[in-house]
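Let's take a walk through this model together, starting from the inside and working outwards. Have your viewer ready, and feel free to rotate as we go.

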Amino acid sequence: TLNSISMLIRMDKKENANKVISRLGDMLRQVLLTRDELTVSLEQEFNLTEKYLSIEAVRFDKMLSYTLKPDEDTLGLQIPDLLLQPIVENSIKHGMKNLNRPMHIEISSYMENNQLMIRVKDTGRGFDSSDEGFLKNGIGLKNTIERCEKMFGKNQISIFSQAGKGTT
C-alpha cells in the first residue's frame with residue numbers, strides 16, 4: 001500500500017494518494033481494535049475487506065472492481081479475525097497477474113445446511129486447481145487453511161479454478 005501511495009504521488013495523483021492514506025488509516029485502526037480477538041463478526045470482517053478492496057481498486061484503477069453481498073442473517077456470526085483479507089489479496093495477486101482485461105471480485109455470505117458459507121469469486125486468469133501445488137508456494141492461503149482447520153476441522157475451504165475463467 002505504501003508503494004501504491006508513493007506511485008500515486010509520483011504520477012501527480014495526490015487526490016487518489018490521499019484517499020488511499022485515509023483508507024489505510026481506517027483499516028489499520030480496525031485491525032488494532034481487534035488485535036486481541038480470535039474471532040470477529042462477519043460484518044466487521046466484511047468492513048475490513050471492503051477497506052482493503054477500496055485501496056486496491058484505487059491502485060488498479062479501472063482494472064479491478066468488486067461487490068460485497070453478505071446475507072443479512074450472517075453478519076452477526078463470528079469468524080476468525082483477518083480471514084478474508086489474505087484470500088482476497090491472493091485473488092488479486094494471482095488473478096490479475098498478466099491479465100489484459102478488468103477483473104471483478106465478488107464476496108458473498110449465506111447459510112447452507114445450517115453452515116456459514118463465504119464465497120470469494122474472481123474473474124481473473126484462473127489456473128488448473130486439480131494441481132494442488134499452488135498451496136505450497138505461498139503462505140497466505142496456506143495459513144488461512146491451517147487456521148480454519150484448527151478452529152473448525154478439516155476440509156473447510158474449497159478452491160475451484162479454471163484457466164481463463166477465474167477462481168472461487
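Which residues line the largest cavity? Keep in mind, as you look for them, that this is a predicted model. The lining is made up of Gln30, Thr34, Val40, Gln44, Glu45, Leu48 and Asp81. By class, two of these lining residues are nonpolar, three are polar and two are charged. The space they surround amounts to about 30 Å³, and the count of cavities of 30 Å³ or more comes to one. Helix 3, residues 42-60, provides the largest share of this lining, with three residues.

That makes helix 3 a good place to go next. How far apart are the end C-alpha atoms of helix 3? They lie 26 Å apart, which agrees with the 27 Å that its 19 residues should span at 1.5 Å a residue. The expected span is 1.5 Å times one less than the number of residues, which is why 19 residues lead to 27 Å. Many side chains can be checked here: Leu42, Glu45, Phe46, Leu48, Thr49, Tyr52, Leu53, Ser54, Ile55, Glu56, Ala57 and Val58 are buried in helix 3. Two of these names, Glu45 and Leu48, also appear in the cavity lining described above. Just after the helix, aspartate 61 takes a positive phi of about 55°.

Helix 1, residues 2-10, has its own pattern of burial. Its buried residues are Ser4, Ile5 and Leu8. These residues cover an arc of only 100° around the axis, so they sit on the same side of helix 1. On the other side of helix 1, Leu2, Asn3 and Arg10 are exposed.

Now turn to the strands. Strand 2 (residues 64-70) and strand 4 (residues 103-112) run parallel and are joined by seven bridges. To find this pairing on screen, start from serine 65, whose bridge partner in strand 4 is histidine 104. Strand 4 also pairs with strand 5 (residues 115-122), this time in the antiparallel sense and over eight bridges. Here isoleucine 105 is a handy marker, with aspartate 122 as its bridge partner in strand 5. The hairpin of strand 4 and strand 5 has two residues between the strands, and asparagine 113 takes a positive phi near 50° in it.

What volume does the largest pocket have? The value is about 1,400 Å³. Its lining counts 44 residues, and those closest to the pocket centre are Ile87, Leu141, Ile157, Ser158 and Ile159. Strand 4 and strand 5 come back here: along with strand 3 (78-80), helix 4 (84-95) and helix 5 (140-152), each of them supplies at least two residues of the lining. Helix 4 contributes the largest share, nine residues. By class, the lining divides into 21 nonpolar, 15 polar and eight charged residues.

The second largest pocket has a volume of about 270 Å³. Helix 3 and helix 4 each supply at least two residues of its lining, and helix 3 gives the most, with four. Among the lining residues are Thr1, Tyr52, Glu56, Arg59, Phe60 and Met63, as well as Glu89, Ile92 and Lys93. Tyr52 and Glu56 were also among the buried residues of helix 3. By class, this lining has six nonpolar residues, one polar residue and five charged ones.

Technical notes
Residues numbered from 1 in each chain as written. Predicted model: local features only at pLDDT ≥ 70, side-chain atom pairs only at ≥ 80, totals over all residues. Heavy atoms only, no water. Pairing = 2+ DSSP bridges. 1 Å grid on protein atoms, 1.4 Å probe; cavity = no way out; pocket = protein on both sides within 12 Å on 5 of 7 lines; lining within 4 Å. Points joined across faces, edges and corners; volume = space filled by probe spheres on them. Nonpolar A, V, L, I, M, F, W, Y, C, P; charged D, E, K, R; others polar. Buried < 20%, exposed > 50% of the residue type's maximum accessible area, 1.4 Å probe, protein only. Arc of directions from axis to C-beta.
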